[in-house]
Amino acid sequence: MTATPYTVNDVMTKKVIAFSPDAGFKEIATAMERWKVSAAPVVEGEGHVVGVVSEADLLPKEEFHDHRLGMIEQMRHLGDTAKAGSLRAEELMTTPAITIHPDATLPQAARLMAERHVKRLPVVDADGNLKGIVSRADLLKVFLRSDDALTEEIRRDVVLTLFPVSHSQVKVTVSQGVVTLTGRVRDAGLIPVAARLAQAVEGVVDVRCRLEPVHPA
């Protein structure tokens with residue numbers, strides 16, 4: 001009933017720094033510093049994502065640079081000590097990469113990030129080829145929508161649709177993303193529906209529904 005939800009494709013960064021599997025340690029560290037990113041996908045061929053290399057993958061080289069570990073400690077830090085001796089992206093990267101498709105919704109992307117404890121996701125097509133990258137910050141872009149834009153969408157897609165007869169009696173105000181619905185409507189059963197649909201509009205922070213039913217004379 002409301003407009004099509006925003007998808008990953010709407011907010012993702014499409015110009016992405018990526019590395020080939022044979023990219024060297026210094027090349028990776030230099031590029032991350034230059035482009036101010038903390039992680040980047042590793043791709044092969046025509047852009048097929050095979051892994052992700054992050055600052056966390058690079059840090060073991062510094063961590064264990066001048067620190068000799070005993071045998072037991074080496075076993076405990078086996079993955080990190082292996083990366084400390086790695087020189088190329090294919091040895092440093094985390095694989096398989098956790099990816100998402102462009103048509104995924106923003107809540108789907110947010111849940112995947114939370115479940116897998118990652119801050120960004122490479123965005124890939126059906127063949128696994130890189131199309132962009134989406135970060136936590138990207139998911140928050142919808143909350144930058146103006147109050148006027150939210151007001152217009154809620155009035156058009158919620159109020160006019162649910163209350164075609166009494167829509168003129170409904171007032172929609174939005175302040176800092178918080179929606180307030182006031183007025184009287186004929187169908188009391190649609191009041192909670194209006195609140196839910198307004199809350200589902202991308203960029204809405206909260207909804208205060210103060211609609212009341214019209215009492216028969």
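Helices (H or I, at least four residues) and strands (E, at least two) are taken here as DSSP runs, numbered from the N terminus.

**Figure 1. Overview of the protein chain.** Welcome to the whole chain, shown as a predicted model. Its secondary structure comes to 10 helices and seven strands. Of the 217 residues in the protein chain, 40% are buried. Among contacts between residues at least 6 apart in sequence, 57% join residues at least 24 apart. The surface that the chain exposes is about 13,000 Å², and carbon and sulfur atoms supply 53% of it.

**Figure 2. The largest nonpolar core.** Here we look into a core of 20 residues, the largest nonpolar one. Ile154, Phe163, Val172, Val179 and Leu181 have the most contacts inside this core. At least two residues each come from helix 9, strand 5 (170-175), strand 6, helix 10 and strand 7. Helix 9 gives the most, with five residues. In soluble globular proteins, nonpolar side chains tend to be buried together.

**Figure 3. The surroundings of Val179.** This view stays with one residue of the core, Val179. Leaving aside residues up to four places away in sequence, Val179 touches Ile154, Val172, Thr173 and Val174, along with Val204, Asp206, Val207 and Arg208.

**Figure 4. Helix 10 and its buried side.** Helix 10 spans residues 191-200, and its buried residues are Ile191, Ala194, Leu197 and Ala198. These four sit on the same side of helix 10 because they cover an arc of only 125° around the axis. Their packing partners are helix 9 (147-162), strand 6 (178-185) and strand 7 (206-213). Turn to the face that points away from the buried side, and you meet the exposed residues Arg196 and Ala200.

**Figure 5. Helix 7 and what covers it.** In helix 7 (residues 106-116), the buried residues include Leu106, Ala109, Leu112 and Met113. Seen down the helix axis, the buried residues fall within an arc of 125°, so they line one face of helix 7. The cover over them includes helix 1 (8-11), strand 3 (120-124), strand 4 (130-135) and helix 8 (136-139). Ala114 and Glu115, on the other side of helix 7, are exposed. Follow the chain just past helix 7 and you reach His117, which takes a positive phi of about 55°.

**Figure 6. Salt bridges in different settings.** Side chains of opposite charge can pair when their charged atoms come close. The whole structure holds seven salt bridges, and a few of them are shown here. Glu33 and Lys36 meet through their side chains at 2.8 Å, N to O, and both Glu33 and Lys36 are exposed. The side chains of Arg88 and Glu90 form a salt bridge at 2.3 Å, N to O. Arg88 counts as partly exposed because its relative accessibility is 34%, and Glu90, with a relative accessible area of 36%, is partly exposed. A further salt bridge joins the side chains of Asp138 and Lys141 at 3.1 Å, N to O. Where does Asp138 stand at 6% relative accessibility, buried or exposed? Asp138 counts as buried, because buried means under 20% relative accessible area. Its partner Lys141 is partly exposed, with a relative accessible area of 37%.

**Figure 7. A salt-bridge network.** The closing view shows Glu152, Arg156 and Asp157, which are linked in a network of salt bridges.

Conventions. Residues numbered from 1 in each chain as written. Predicted model: local features only at pLDDT ≥ 70, side-chain atom pairs only at ≥ 80, totals over all residues. Heavy atoms only, no water. Buried < 20%, exposed > 50% of the residue type's maximum accessible area, 1.4 Å probe, protein only. Contact = heavy atoms within 4.5 Å. Areas by Shrake-Rupley, 256 points an atom, 1.4 Å probe, with all protein chains shown as cover. Arc of directions from axis to C-beta. Salt bridge = Lys/Arg side-chain N within 4 Å of Asp/Glu carboxyl O. Core = buried A, V, L, I, M, F, W, Y, C linked by side-chain atoms within 4.5 Å.
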